[in-house]
Amino acid sequence: MRYINERDIMSLGINWSNIIDHLDKTVNYLNQNEYEQPIKPYLRYKNIQNRIIAMPAYVGGDINISGIKWIASFPDNINNGIPRAHSIVVLNNADTGQPVCIINTALLSNIRTAGVSGLFMSYYKKSRELKNIKIGIIGYGPIGKYHYAICKEVFKGDLEEIYLYDIRGINKEDIHSTKECKVTIAENWQEVYEHSDILITCTVSNEPYIDMRSKKGKLLLNISLRDYKTEAINIQEDLIIVDDWDEVCREKTDIELMHKKLGLNKECTKSIVDVVCNNCLAECDKDKTIMFNPMGMAVFDIATGNYYYNLAEKNNIGTVLE
């Protein structure tokens, strides 16, 4: 069994193009029903804002791996100088069940989250003629920072400006310098929302606060899932996309609120499979607001873990345990 920690992942590096390709392959296995993914249970106790989530999955095809992610999210940790998220992934040989790898770092989850957004944006880019793009990121913790990185990779020379806002403020030293575009630290979320063509919410908000309708043709990547008031979305006019309806329509997400208050149902939405395999973005009216709501699928965590496990095996990185 190989043990991999955050230092090992960083030594292997983050090749966004390869990660996006690996996730693209995973979605195609979803389309072929070459996967298993039970609904993930939430463990809560004492402070109900805290949660530890079990995420088991199997991915077939030539990935052919099973495993589980066990991730703790304790939002108040950041007030005590402790990371909000802690995560361990255990990978099992899909044919024998033998554990083959432990990945002990929340960095893998951050890479998966940004990687899925990168996959979505790459298909969005293929479906549009995009120039001089303005991207907004609300929330600049670890997830926001990795979205900042992957946006620069996906859009490269087509970026004009990136707007950043975090309620806690942003240290300019936390922004990796970029020659690709201008970077603006906004004074409030409204400034980011109004100026961006692509808006990415990466907060830990427990209550929705965005109450403004977007301009036509805007892409909303609702990563944190609890930022939008129902009046900001028109389910008749906007294209609502999820990763997995059964996962995302619960736990007080914006999708669940739209389901309860606006009558949104599964048939009203498209899925990540429709994006990758069924060309739904290309067929969408260019003036439609598109909103992607990814709850986080265990298959993507296990596939990303498998990507790094194979890379570690090839480069003899990590610790081999008895």
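**View 1. The salt bridge between Lys-69 and Asp-301.** In this predicted model, the side chains of Lys-69 and Asp-301 form a salt bridge, with N and O 2.8 Å apart. Lys-69 belongs to strand β5 (residues 65-73) and Asp-301 to helix α10 (residues 298-315), so the contact ties together parts that are 232 residues apart in sequence. Both Lys-69 and Asp-301 are buried. Arg-112 joins Lys-69 and Asp-301 in a network of salt bridges. The model has 15 salt bridges; two others are shown in Views 2 and 3.

**View 2. The salt bridge between Lys-131 and Asp-158.** The side chains of Lys-131 and Asp-158 meet at an N to O distance of 3.5 Å. The pair links distant parts of the chain, 27 residues apart. Lys-131 sits in the loop between α3 (107-127) and β8 (133-138), and Asp-158 in the loop between α4 (142-155) and β9 (159-165). Lys-131 is exposed, with a relative accessible area of 64%. Asp-158, in contrast, is buried, because its relative accessible area of 16% falls under the 20% cut-off.

**View 3. The salt bridge between Lys-182 and Glu-161.** In this pair the closest N and O atoms are 4.0 Å apart. Lys-182 lies in strand β10 (residues 182-185) and Glu-161 in strand β9, so the salt bridge ties together parts that are 21 residues apart in sequence. Lys-182 counts as exposed at 53% relative accessibility, because the cut-off for exposed is over 50%. Glu-161 is buried, with a relative accessible area of 8%.

**View 4. Strand β11 and its side chains.** Strand β11 covers residues 198-201. In a regular strand the side chains alternate between the two faces of the sheet. Here Ile-198 and Ile-200 point one way, while Leu-199 and Thr-201 point the other way. All four of these residues are buried.

**View 5. The strands paired with β11.** Strands β8 and β11 run parallel and are joined by four bridges. Within this pairing, Gly-136 has Leu-199 of β11 as its bridge partner. Strand β11 also runs parallel to strand β12 (residues 219-222), again with four bridges. On that side, Thr-201 stands opposite Asn-222 in β12. Both Leu-199 and Thr-201, which take part in these pairings, are buried.

Notes
Residues are numbered from 1 along each chain as its sequence is written. This is a predicted model: local features need pLDDT of at least 70, side-chain atom pairs count only at pLDDT 80 or more; totals for chains, interfaces and linings use all residues. Side-chain values use heavy atoms; hydrogens and water are left out. Helices (H or I, at least four residues) and strands (E, at least two) are DSSP runs, numbered from the N terminus. Buried means under 20% relative accessible area, exposed over 50%, partly exposed in between (1.4 Å probe, protein chains only). Two strands pair if DSSP finds at least two bridges between them.
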